[in-house]
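Student: Please take a close look at one loop of this structure. I should then like to see it set beside its surroundings, the ligand site and the chain as a whole.

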Amino acid sequence: MTMKFGPIDRLLGRRRSGHGAAPVAAFDDYEARAPRPQNGIDAIDGWNSAFPPEFGVIAGDRVNFWDDRIVWAAERFGDLGGRRVLELGPLEGAHTYMLDRCGAEVTAVEANKRAFLKCLVTKEIVGLPRAHFLLGDGVLFLEEDTRRWDLVVACGVLYHMIDPLRFLSAVAARTDVLYLWTSYFDLSSVEPGSAMEKGFAEMREDRPFHGETLTLYRRSYLGADRNPEFCGGIFDEPRWMTRESILAALRLLGFTSIEIAHEAMPNPNEPCFSIFARR
Ligand SMILES: C[S@@+](CC[C@H](N)C(=O)[O-])C[C@H]1O[C@@H](n2cnc3c(N)ncnc32)[C@H](O)[C@@H]1O
């Protein structure tokens, strides 16, 4: 009897195994379709980035490949042509693409294994010949690798650190110019004396830093790391800094020029902003 080969077989990735034989299922770790850029996207779950239409792939829809925040940072910096940029937490390489197209030579350190592999897929799809992706902890990279950087880009990274002051100190030791976008902790809309305020008070940590005391709040991902789209930190219980503590830390680390933009409050008690800091 001849088996019929139809759309359901194609949907399940089955195809004739040559010479008109019966349809067979491909092994899970193999791609049975003809090679296409989309196959690389489909090989890894949980994409966040929307690729520009010219690349002809469908991935995520949350991160923009032409992000206003990076445009702003690049404008503040000036000509990025040939400048050495360290990007921390590239996620899927969308901002790496922007920095590359501005002419920068980017080294990007990503700690999430799945995100790192996505960056390599992105690199292959969009072409990033001058960019290099490294898998590992950006803090340890900054502490071990003695190169200096014309610009460090840390977009969406500070509030994922269990020790954000160690992170900022490590960045400050390797650059005079920093672009930071971060969420920060804000209690101003919490009712004084409320249960919520008492709960937050238990998470508060006051830390001595270069002769001053800075305030951090312990948070938890509450299991969000189990989601394939998770793009947080390496460890649970990151510490969120207050706005005043972030600005004070940068001042204490020697950044004398601070520009601020993109002030927003996407969630209650969790405002965010961009900082472009120079020595
Ligand atoms: C919220 S995402 C931001 C991604 C991207 N920069 C953006 O703004 O769209 C945080 C990224 O930093 C990465 N990350 C977190 N902790 C890191 C660390 N210690 N070293 C390097 N990357 C880290 C995460 O895996 C994730 O890719």
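Tutor: In what follows, helices are DSSP runs of H or I with at least four residues, strands are runs of E with at least two, and both are numbered from the N terminus. The model discussed here is predicted.

The loop in question runs between α3 (68-77) and β5 (84-88), and aspartate 79 lies in it. Is aspartate 79 buried or exposed? Its relative accessibility is 62%. Since exposed means over 50%, aspartate 79 counts as exposed. Its side chain nevertheless has a partner within the protein: the backbone nitrogen of glycine 81 is reached at 2.8 Å. Aspartate 79 can also be placed relative to a residue 25 positions away along the chain, alanine 104, with 8.9 Å between the two C-alpha atoms.

Glycine 103, which comes just after α4, takes a positive phi of about 100°. The helix α4 itself covers residues 94-101, and 7 of its 8 residues are buried, so the rest of the structure largely encloses it. The buried residues of α4 are Ala94, His95, Thr96, Tyr97, Met98, Leu99 and Asp100. Aspartate 79 is exposed, whereas Asp100 in α4 is buried.

The ligand site may be considered next. Of the 22 residues around the ligand, those that come nearest are Gly89, Glu110, Asp137, Gly138 and Cys155. Two glycines of this group offer backbone atoms to the ligand. An N or O atom in the backbone of glycine 89 lies 2.8 Å from a ligand nitrogen, and a backbone N or O atom of glycine 138 is likewise 2.8 Å from a nitrogen atom of the ligand. Glutamate 110 takes part through its side chain, where an N or O atom is 2.5 Å from an oxygen atom of the ligand. Taken alone, the ligand exposes 590 Å², and the protein buries 94% of that area. By residue class, the shell around the ligand consists of 10 nonpolar, 9 polar and 3 charged residues.

Finally, the chain as a whole. The protein chain contains 9 helices and 14 strands, and its C-alpha trace spans about 85 × 50 × 30 Å along the principal axes. Of its 279 residues, 47% are buried. Among contacts between residues at least 6 apart in sequence, 63% join residues at least 24 apart. The accessible surface of the chain comes to about 14700 Å², and carbon and sulfur atoms account for 53% of it.

Terms used
Residues numbered from 1 in each chain as written. Predicted model: local features only at pLDDT ≥ 70, side-chain atom pairs only at ≥ 80, totals over all residues. Heavy atoms only, no water. Buried < 20%, exposed > 50% of the residue type's maximum accessible area, 1.4 Å probe, protein only. Near = heavy atom within 4 Å. Polar contact = N/O pair within 3.5 Å; in protein donor to acceptor, adjacent residues only side chain to side chain. Areas by Shrake-Rupley, 256 points an atom, 1.4 Å probe, with all protein chains shown as cover. Nonpolar A, V, L, I, M, F, W, Y, C, P; charged D, E, K, R; others polar. Contact = heavy atoms within 4.5 Å.
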